Amino acid sequence: PTCPLHALPLHVLEIDGEPLLVRNPVVYCPSLNVLRHCLARRRPYGGVPTAAVFGDPNGDRAEAAQLVAHLEQRLQTKPLVKQAVTCEAITAAISGQDFIHFQGHAVHEPKDPLASYLALADTRLTAREVFALPNLQADLVALAACESAANVIATGDEPLGLIPAFLYAGTNSVLATLWKVQQKAAALTMQLFYDRLLDSQNVVHKAEALRQAMLTVRETSGFESPYYWAPYILNGDWY
């Protein structure tokens, strides 16, 4: 995308009367140069990937807590939840992990996009601080938090926000949301995404797993509007 198009869910554009997502998996990236680095960092992993899961740090999302319990089983990891989701704990837990999942609140700061942050139990983790996270080499960072994909476009068509921060810091791909999401739809989308991605019988790549998850939510009664199923975008390496 370019300029204001960074803020639009281009996968919703209709092709022959259906959203593009029906026909194709869709992946985004701030620039071709960033994509080149993401693809160069690609590394294989066998079996269940290592993971760090963080959920409901503010203790106000029942759906988030249920999803984290599901991910504990699928990813075979012990999640950090509620008051345990501190800056110190996150910094230690993410080191060298394949997957990093955050289920909580994000805040976009349009006047200072590098001050955009994930709300932790004890403080804020800003985009500016993400650049300094040690040993961040995740294949996937999922930011299941409102407006975590929001950016400000700087000079040179350079987006600034949480997604570019994680990509430049060493992450291969970032899954985030363009707007304030509905909690039940968000939890369902994330559960379906991981279930498809981790299905050992029918192996699919990240972009295809997200496509299938969003289309399933689109077909769910009450969630047919793009508001519910369309805010999720995958940035970086799609495989």
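Two residues are in contact when heavy atoms of one lie within 4.5 Å of heavy atoms of the other. With that idea in hand, a tour of this predicted model can begin at L160, a residue of strand β11 (residues 158-161). Setting aside its neighbours within four places in sequence, L160 is in contact with P113, A150, N151, V152 and A154. L160 has a relative accessible area of 27%, so this leucine counts as partly exposed. Between the C-alpha atoms of L160 and R128 the distance in space is 9.8 Å, while 32 residues separate the two in sequence.

Before going further, it helps to ask how confident the prediction is. The mean pLDDT of the protein is 93, and 99% of its residues reach 70 or more. Confidence is lowest in helix α3 (residues 62-75), with a mean of 89, and highest in α8, with 98. Where pLDDT is low, predicted coordinates should not be read in detail.

Helix α8 is a good next stop. This helix covers residues 206-218, and its 13 residues reach 18 Å from the first C-alpha to the last, close to the 18 Å expected at 1.5 Å a residue. Is α8 mostly covered or mostly uncovered? It is mostly covered, since 10 of its 13 residues are buried. The buried residues of α8 are K206, A207, E208, A209, L210, R211, A213, M214, L215 and V217. They pack against several elements, namely α1 (20-23), β9 (140-144), β12 (173-177), α7, α9 (226-229) and β13 (232-236).

One residue that touches α8 is F193: leaving aside neighbours within four places in sequence, its contacts are L140, L175, K206, A209, L210 and A213. F193 also appears in the largest nonpolar core, which has 71 residues. Which residues have the most contacts inside this core? They are L118, L143, F166, L175, F193 and Y194.

The aromatic residues add another layer to the picture. Rings are paired when their centres lie within 6.5 Å, and planes over 60 degrees apart count as edge-to-face, those under 30 as stacked and the rest as tilted. By this rule there are four aromatic pairs. In one of them, F99 and Y194, the ring centres are 6.5 Å apart and the planes meet at 55 degrees, so the pair is tilted. This pair links distant parts of the chain, with F99 in strand β5 (residues 99-103) and Y194 in helix α7 (residues 183-197), 95 residues apart. F99 and Y194 are both buried. Another pair is formed by Y227 and Y228, whose ring centres are 4.9 Å apart; their planes are at 70 degrees, so this pair is edge-to-face. Y227 has 36% relative accessibility and so counts as partly exposed, and Y228, at 23%, also counts as partly exposed. F99, F193 and Y194 together form one aromatic cluster. A charged side chain also meets a ring: R42 lies over the face of W238, at 5.9 Å from the ring centre.

Two further helix residues show different surroundings. L167 is found in helix α6 (residues 162-169). Its relative accessible area is 2%, so L167 is buried. Apart from neighbours within four places in sequence, L167 is in contact with P30, V34, C38, R41, N172, S173, V174 and N235. The C-alpha atoms of L167 and A132 are 12 Å from each other, and the two residues are 35 residues apart along the chain. T91, by contrast, belongs to helix α4 (residues 87-93) and is partly exposed because its relative accessible area is 27%. With neighbours within four places in sequence left aside, T91 is in contact with L133 and P134. T91 and V141 are 50 residues apart in sequence, and their C-alpha atoms are 14 Å apart in space.

Finally, two loop residues have a notable backbone angle. Which loop holds D16? D16 is in the loop between β1 (14-15) and β2 (18-19). Its phi is near 55 degrees, a positive value in a residue other than glycine. At 81% relative accessibility, D16 counts as exposed. E147 has a phi near 60 degrees, also a positive value in a residue other than glycine. E147 lies in the loop between β9 and β10 (151-154), and it is partly exposed because its relative accessible area is 25%.

Conventions:
Residues are numbered from 1 along each chain as its sequence is written. This is a predicted model: local features need pLDDT of at least 70, side-chain atom pairs count only at pLDDT 80 or more; totals for chains, interfaces and linings use all residues. Side-chain values use heavy atoms; hydrogens and water are left out. Rings of Phe, Tyr and Trp (its six-membered ring) pair if their centres lie within 6.5 Å; planes under 30 degrees apart count as stacked, over 60 as edge-to-face and the rest as tilted. Helices (H or I, at least four residues) and strands (E, at least two) are DSSP runs, numbered from the N terminus. Buried means under 20% relative accessible area, exposed over 50%, partly exposed in between (1.4 Å probe, protein chains only). A charge sits over a ring if NZ of Lys or CZ of Arg is within 6 Å of the ring centre and within 35 degrees of the ring normal. A nonpolar core is a set of buried Ala, Val, Leu, Ile, Met, Phe, Trp, Tyr and Cys residues joined through side-chain atoms within 4.5 Å. The expected span of a helix is 1.5 Å times one less than its number of residues. pLDDT is the predictor's confidence in each residue, from 0 to 100.
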